[in-house]
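Work through the exercises below with the sequence and the model open side by side. Try each task before you read its solution.

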Amino acid sequence: MISLTVTALVFGVVFLAELPDKTALAGLVLGTRYRASYVFAGVAAAFLLHVVLAVAAGSVLTLLPRQIVHAVTGVLFLGGAAVLLMKKDDEDEEIRKPRDQSFWKVAGAGFMLILVAEFGDLTQIMTANLAARYDDPLSVGLGAVLALWAVAGLGIVGGKALMKRVPLGLITKIAAVLMLGLGVWSLWEAIAG
């Protein structure tokens, strides 16, 4: 059974953490050059693969004693918050143009870009932490994949408009504060539990 509370929490945390990420900007660039549906198909498939791997890794962590899991996830969340707070906003990724506009070329370019750029990324590590924390792989996986797909869709279709209205620095700070809160909460549970 899927917990809507866990799904919504994971969605919010992953969405805010991924929004200022370089892959959202890469999706924006690909979406301005190529057919949006082709780009989204490739990007969505890559994010789905990343979430499955992250949830599997997080589920393995649930085999450890609860206090250790809370302590480890707390430290990782605090580290993630620090990474977001120290992140520079001027990251640019160069994206190579596929030779043609066919579905397989464009979707393949989007898939490979995300597959490589997101492997071991902060949101993948966060998803693993959340899977370990809540011991609810379906809810965590659903929230994470929907958040990543939403960010990809926004980046591909409406990234320029969003970035004009919401400063990237503000989005990054909100994500960092959420991760900081989750980190402190996890550490408190490790000590109190």
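The exercises that follow concern a predicted model, and each task is followed by a worked solution.

**Exercise 1. Two threonines of one helix**

Task: Find Thr123 and Thr127 in helix α6, decide whether each is buried or exposed, and list the polar contacts of their side chains.

Solution: Begin with the location, since Thr127 belongs to helix α6, which covers residues 122-134, and Thr123 is found in helix α6 as well. Next, consider accessibility: Thr127 has a relative accessible area of 1% and is therefore buried, given that buried means under 20%. Thr123, at 3% relative accessibility, also counts as buried.

Then turn to the polar atoms. A polar atom of the Thr127 side chain lies 2.7 Å from the backbone oxygen of Thr123, while the side chain of Thr123 is joined to that of Glu18 by a polar contact of 2.9 Å.

Finally, look at the surroundings, leaving aside neighbours within four places in sequence. Thr127 is in contact with Val14, Val51, Ala54, Val55, Val140 and Ala144, whereas Thr123 touches Val14, Ala17, Glu18, Glu118 and Leu148. Val14 thus appears in both lists of contacts.

**Exercise 2. Aromatic pairs**

Task: How many aromatic pairs are there, and which geometry does the pair of Phe11 and Phe15 have, stacked or edge-to-face?

Solution: The count comes to three aromatic pairs. For Phe11 and Phe15, the ring centres are 5.6 Å apart and the planes stand at 15°, so the pair is stacked, the cut-off for stacking being under 30 degrees. Both residues lie in helix α1 (residues 4-18), where they are four residues apart, about one turn of the helix. Their accessibility falls on two sides of the 20% limit: Phe11 is partly exposed with a relative accessible area of 29%, and Phe15 is buried with 17%.

A further pair, formed by Tyr38 and Phe103, is edge-to-face, with 5.2 Å from centre to centre and 85° between the planes. This pair links distant parts of the chain, as Tyr38 is in helix α3 and Phe103 in helix α5 (residues 103-118), 65 residues apart. Tyr38 counts as buried at 19% relative accessibility, and Phe103 as partly exposed at 28%. To complete the picture, Tyr38 and Phe103 form one aromatic cluster together with Trp104.

**Exercise 3. Leucines with some exposure**

Task: Which residues make the nonpolar surface patch, and which helix gives the largest share of this patch?

Solution: Identify the members first: Ile2, Leu4, Leu138, Leu142 and Leu146 make a nonpolar surface patch of about 470 Å². The largest share, three residues, comes from helix α7, which covers residues 137-165. Leu146, found in helix α7, is partly exposed, with a relative accessible area of 35%, a value that passes the requirement of over 30% for patch residues.

Task: Where does Leu53 lie, and which residues does Leu53 touch beyond those up to four places away in sequence?

Solution: Leu53 has its place in helix α3, residues 36-61, and is partly exposed, with a relative accessible area of 41%. Not counting residues up to four places away in sequence, Leu53 touches Phe119 and Gln124. As a last step, check a distance across the chain: the C-alpha atoms of Leu53 and Ile125 are separated by 10.0 Å, although these residues are 72 residues apart along the chain.

How values were computed
Residues numbered from 1 in each chain as written. Predicted model: local features only at pLDDT ≥ 70, side-chain atom pairs only at ≥ 80, totals over all residues. Heavy atoms only, no water. Patch = residues over 30% accessible without salt bridge, like charges linked within 9 Å, V, L, I, M, F, W, Y side chains within 5 Å. Areas by Shrake-Rupley, 256 points an atom, 1.4 Å probe, with all protein chains shown as cover. Salt bridge = Lys/Arg side-chain N within 4 Å of Asp/Glu carboxyl O. Buried < 20%, exposed > 50% of the residue type's maximum accessible area, 1.4 Å probe, protein only. Contact = heavy atoms within 4.5 Å. Polar contact = N/O pair within 3.5 Å; in protein donor to acceptor, adjacent residues only side chain to side chain. Phe/Tyr/Trp six-rings, centres within 6.5 Å; stacked < 30°, edge-to-face > 60°.
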